[in-house]
Amino acid sequence: MNFKRLISMFCLFAVCVANIYAQNGKSSITGKVSDAKSKEMLPYVAVAVLQTKDSSIIDGGITNENGEFTISNIKYGEYILHYTFVGYKDYFKNIKVSIPTTNVGSIEMTVSSSNLNEVKVVGAKQMMEYKLDKRVINVDQNLTAAGGDASDVLQDVPSVEIDDEGNISLRGGSNVTLLIDGKPSDIYGSNVASVLAQIPASSIDKIEVITNPSARYNPEGMSGIINITLKEKGNRGLNGNINISAGSALNKWMPRDNISGALNWSNKKVSLSASANVRYGEMGMLTDNMRYFRNSSGYVTDIMRTQRDGGTDGYGYGFRLGAEWYINKFNTMNLSLNINKNKDFNDYSTATNTNYLNSSSIRNNVDISNGYGRGSFNNMAFTYEKTFKDNEDQLFYANLTWSWGSYGRTIEDEIIYNSPLFSDRNYIRGDTTISRRHNAVADIHYIHPFSKNSKMEIGYNLNFTIANNNYEYSYDRVLDNATSYDFHKTEQIHAIYATYGWQVNDKLSTQVGLRGETTLLDFSKDGYNGIKTTFDRDYSSLYPSIHISYQINKMNSFQISYSRRVKRPDHFNMMPNVDMTNQEYLRFGNPKLDPEYTDAYEFGYSLLLKNTTIFTSLYYREVSNAITRFEFEWNEDNALYYGFDWAWQVAGSATATGRTAQSFLNIANSRNYGLEIIVDRDITSWWKANLSMNFFGAYKDGRAYNYDKVNAFNFNTKLNTTITLPKNWSIQASGRYTAPSRTIQGWEYSRYDVDIAIKKSIWERRGSIGINFRDILDSRGGHGIAYTDEYISFNNRHPYSRSIRLSFSYNFGKVANMKKKKAKSMQENYNTSGGDEDEDEE
């Protein structure tokens with residue numbers, strides 16, 4: 001082969017390689033970022049590369065100490081660069097990548113006083129974003145919750161705990177206000193676990209956790225507020241998504257399936273949205289309770305063991321319609337309708353064995369419980385928002401929400417005694433509940449800026465509720481008029497509030513607020529036996545708040561805050577309904593409960609490093625009239641001592657003494673304090689981790705009811721880590737651990753669990769498939785011990801939570817993306833002083 005032929009072949013090979021590289025080439029994007037005023041280079045600025053067609057994030061990076069950045073391995077094409085940094089306005093830049101190294105030049109970022117308190121995690125869109133007064137969880141980045149519901153999402157939120165019965169706690173405090181799109185969650189139903197089950201994870205946009213809210217917010221929820229924001233509006237044009245998941249528990253066959261979808265259309269004037277979901281699921285739990293009854297000398301006299309196994313299977317569906325009208329540049333109206341319906345079936349078997357040591361006799365009985373429930377929870381909301389031509393920060397906002405719903409439940413228990421000594425006690429017990437509820441919420445507020453650095457917000461809030469509940473009990477299928485009754489409740493909460501915010505300088509900002517509320521509560525119990533009992537609770541209170549924020553420098557900031565909050569006894573806390581579905585374990589409310597109040601203090605600090613964000617919070621809460629769940633031996637003396645004479649009249653003759661009763665009391669006071677640490681770390685460009693730790697103590701004084709004064713310290717932690725693999729694969733693992741904790745009557749032992757998920761993005765990131773394993777160690781559950789004067793109780797709870805789930809999602813439709821348009825308009829606004837071309841009149 002001669003030299004010329006060799007050169008020709010080499011050139012041909014080079015052309016082929018160049019042609020292949022031109023079609024599949026990759027480039028490195030470089031650039032610089034500086035401050036528009038000081039001209040200083042800005043370190044640690046987040047730079048994200050977005051797709052122009054749907055604004056999905058391709059990759060990202062951060063600037064170094066010299067304000068320079070490099071993002072490698074970007075395919076040739078057109079993109080949007082999105083620059084973000086704490087205290088500065090977001091910056092967008094359209095770029096074209098067509099050569100091995102694309103230098104986008106130097107851009108200048110402008111300080112934004114409204115963003116001084118915000119800290120965003122750098123790089124591509126993170127699962128967690130932090131602000132000094134709240135944290136934001138982007139649900140799309142949570143792989144382990146894919147195909148699940150809202151409770152699966154909350155399991156991975158730092159400092160949020162959900163127990164086996166669906167109860168939510170935040171930083172160790174159980175009184176949390178749950179909002180859906182800023183509205184009280186009880187418009188979707190009274191039971192929190194049921195509300196969370198109605199919301200597919202795929203329909204959630206983000207979750208906000210507000211630990212110390214201002215006077216602007218309803219003071220209900222002493223531990224804080226959790227706001228679940230649903231996906232609503234898409235991009236301009238027609239677009240939508242569909243999500244399908246299917247799975248089952250692994251302990252036993254318990255399918256859990258979900259299908260949801262959304263469709264959106266919008267133009268310059270109107271936005272229309274619709275979403276729907278259909279779900280089916282089976283849940284179950286195995287409980288084991290061992291009680292050792294003691295005499296006054298402390299010797300064990302009887303031993304009772306109760307084992308309960310079974311579950312609930314049910315289906316539900318819901319849909320949501322929304323319309324938004326952009327009347328002009330300054331006026332917007334929004335109308336939405338939500339309909340949710342569900343039906344469930346219960347099947348439990350309870351076996352109780354009692355050994356009477358003094359008489360050497362044994363009593364065995366089996367309680368076979370079957371029933372069903374049907375619910376409907378609906379709401380309609382109207383919102384009007386107006387800004388003003390002279391000042392875009394001046395705002396008037398009005399929201400009216402009406403919700404209505406009903407729930408019916410029928411349970412039949414067949415009690416069978418195996419011992420001949422008790423065979424005459426065999427019977428069938430029935431329990432039918434019908435609840436109807438109407439609620440109206442009005443929220444009106446106005447924001448008036450006095451200057452660029454100060455503004456005041458004033459508002460009025462009304463929450464009006466009417467509830468009617470019917471409870472019918474039967475024995476051997478014969479209605480028992482002595483224990484059946486109707487329950488009626490009317491509650492009005494009127495509130496006015498005002499906050500004043502002042503940006504003292506570029507570093508210091510303050511906000512003070514005051515909220516005044518009056519609560520008018522009336523309810524009555526109308527017995528089928530003709531006996532009527534009425535209760536009322538009227539009270540007023542003031543709720544001040546103070547927030548002070550200080551930006552030390554570009555990487556360090558802190559906030560000090562105080563607020564006063566309240567926990568009003570809820571419907572189930574106060575309802576004089578004796579639940580006798582489990583005859584060995586009675587449950588009822590306490591209509592004499594008073595509200596409990598909390599004074600909450602908090603100090604927050606955030607540190608932004610090159611690849612790490614550290615958020616810490618030191619908090620202290622003082623609680624008076626603490627509402628506490630407690631249990632006691634069921635007999636007439638105890639019922640009268642604790643003020644439950646009405647419950648004894650209902651259930652004293654219907655159940656045997658010596659059993660366990662559970663209700664609520666106002667314990668004198670309690671304190672809760674702790675330190676929260678959250679660390680976000682980009683370990684490498686493909687490995688990210690989030691670690692949260694909460695060290696907290698709780699002091700409770702129960703001596704007023706012969707219980708202990710408890711001062712206990714506790715600890716829980718959560719770890720979430722995500723690894724991005726080649727070919728659009730990713731894997732995520734999350735784990736939780738809660739240390740043992742002392743209660744006012746005993747102990748709760750440690751708990752831990754681990755989830756793992758794998759996801760593959762397909763069809764140019766428009767779709768994805770995934771598989772996740774929940775509770776792979778089969779360790780989720782609870783174990784505890786309770787002491788009373790009469791017995792010692794050991795409790796074990798094991799939910800059938802170990803499960804596997806397959807999921808699929810797909811985004812479709814025309815996407816003339818708003819963010820792309822925003823990139824163009826913001827770029828123009830940074831370079832010129834011109835405004836919007838559309839000058840609509842008010």
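## Overall make-up

In this predicted model, the secondary structure of the protein comes to seven helices and 44 strands. The protein has 842 residues, of which 51% count as buried. When contacts with a separation of 6 or more are considered, 68% of them join residues that are 24 or more positions apart.

## Two open sheets among residues 26 to 109

One open sheet is made of three strands in the order β4-β1-β7, and its pairing is mixed. Because β4 (68–75) and β7 (101–109) each have a single partner strand, they stand at the edges, and one side of each is left without a neighbour in the sheet. On average, and with direction ignored, neighbouring strands of this sheet are turned by 20° against each other. Strand β1, which covers residues 26–35, pairs with β7 in the parallel sense over seven bridges, and within this part of the structure I29 stands opposite T102 in β7.

Another open sheet has four strands in the order β3-β2-β5-β6, and here the pairing is antiparallel. The edges are taken by β3 (57–62) and β6 (91–97), each of which has a single partner strand, so one side of each is left without a neighbour in the sheet. Neighbouring strands of this sheet are turned by 25° against each other on average, again with direction ignored. Strand β5 (residues 77–84) is joined to β6 by seven bridges in the antiparallel sense, and the bridge partner of H82 in β6 is F92.

## Strand β25 and its partners

Strand β25 runs over residues 454–475 and pairs with strand β27 (residues 485–503) in the antiparallel sense, over 18 bridges. Within this region N470 stands opposite D486 in β27.

Strand β25 also pairs in the antiparallel sense with β26 (residues 478–479), in this case over two bridges, and Y475 has V478 of β26 as its bridge partner. The hairpin of β25 and β26 has two residues between the strands, and in this hairpin D476 takes a positive phi near 50°.

## Aromatic pairs

The structure holds 27 aromatic pairs. One of them joins Y562 and Y601, whose ring centres are 5.0 Å apart and whose planes stand at 40°, so the pair is tilted. This pair links distant parts of the chain, since Y562 belongs to strand β30 (residues 556–567) and Y601 to strand β32 (residues 596–608), 39 residues apart. Are these two rings buried or exposed? With a relative accessible area of 17%, Y562 is buried, whereas Y601, at 41%, is partly exposed.

W763 and Y810 form an aromatic pair that is edge-to-face, with 5.5 Å from centre to centre and 85° between the planes. This pair, too, links distant parts of the chain: W763 is in the loop between β40 (751–762) and β41 (767–774), Y810 is in strand β44 (residues 803–813), and the two are 47 residues apart. W763 counts as exposed at 53% relative accessibility, while Y810, with a relative accessible area of 27%, is partly exposed.

Elsewhere, ring pairs link several residues into a cluster, which consists of F588, F632, W634, Y641, Y642, F644 and W648.

## Charges over rings

Some rings have a charged group over them, and two cases can be described. The charged end of K386 sits over the ring of F388, at 5.2 Å from the centre of that ring. In a similar way K525 lies over the face of Y485, where the distance to the ring centre is 4.8 Å.

## The surroundings of S563

S563 has its place in strand β30, the strand to which Y562 also belongs. With a relative accessible area of 1%, S563 is buried. Which residue makes a polar contact with the side chain of S563? The partner is N212, whose side chain takes part in the contact at 2.4 Å.

If residues up to four places away in sequence are not counted, S563 touches N212, P213, P544, S545, T598, D599 and A600. N212 therefore appears both in this list of touching residues and as the polar partner of S563.

Notes
Residues are numbered from 1 along each chain as its sequence is written. This is a predicted model: local features need pLDDT of at least 70, side-chain atom pairs count only at pLDDT 80 or more; totals for chains, interfaces and linings use all residues. Side-chain values use heavy atoms; hydrogens and water are left out. Rings of Phe, Tyr and Trp (its six-membered ring) pair if their centres lie within 6.5 Å; planes under 30 degrees apart count as stacked, over 60 as edge-to-face and the rest as tilted. Buried means under 20% relative accessible area, exposed over 50%, partly exposed in between (1.4 Å probe, protein chains only). A charge sits over a ring if NZ of Lys or CZ of Arg is within 6 Å of the ring centre and within 35 degrees of the ring normal. A polar contact is a pair of N or O atoms within 3.5 Å; within protein, one must be able to donate a hydrogen and the other to accept it, and residues adjacent in sequence count only if both atoms are side-chain atoms. Contact means heavy atoms within 4.5 Å. Two strands pair if DSSP finds at least two bridges between them. Axes are lines fitted to C-alpha atoms, for helices over the stretch in contact, and angles run from 0 to 180 degrees between N-to-C directions.
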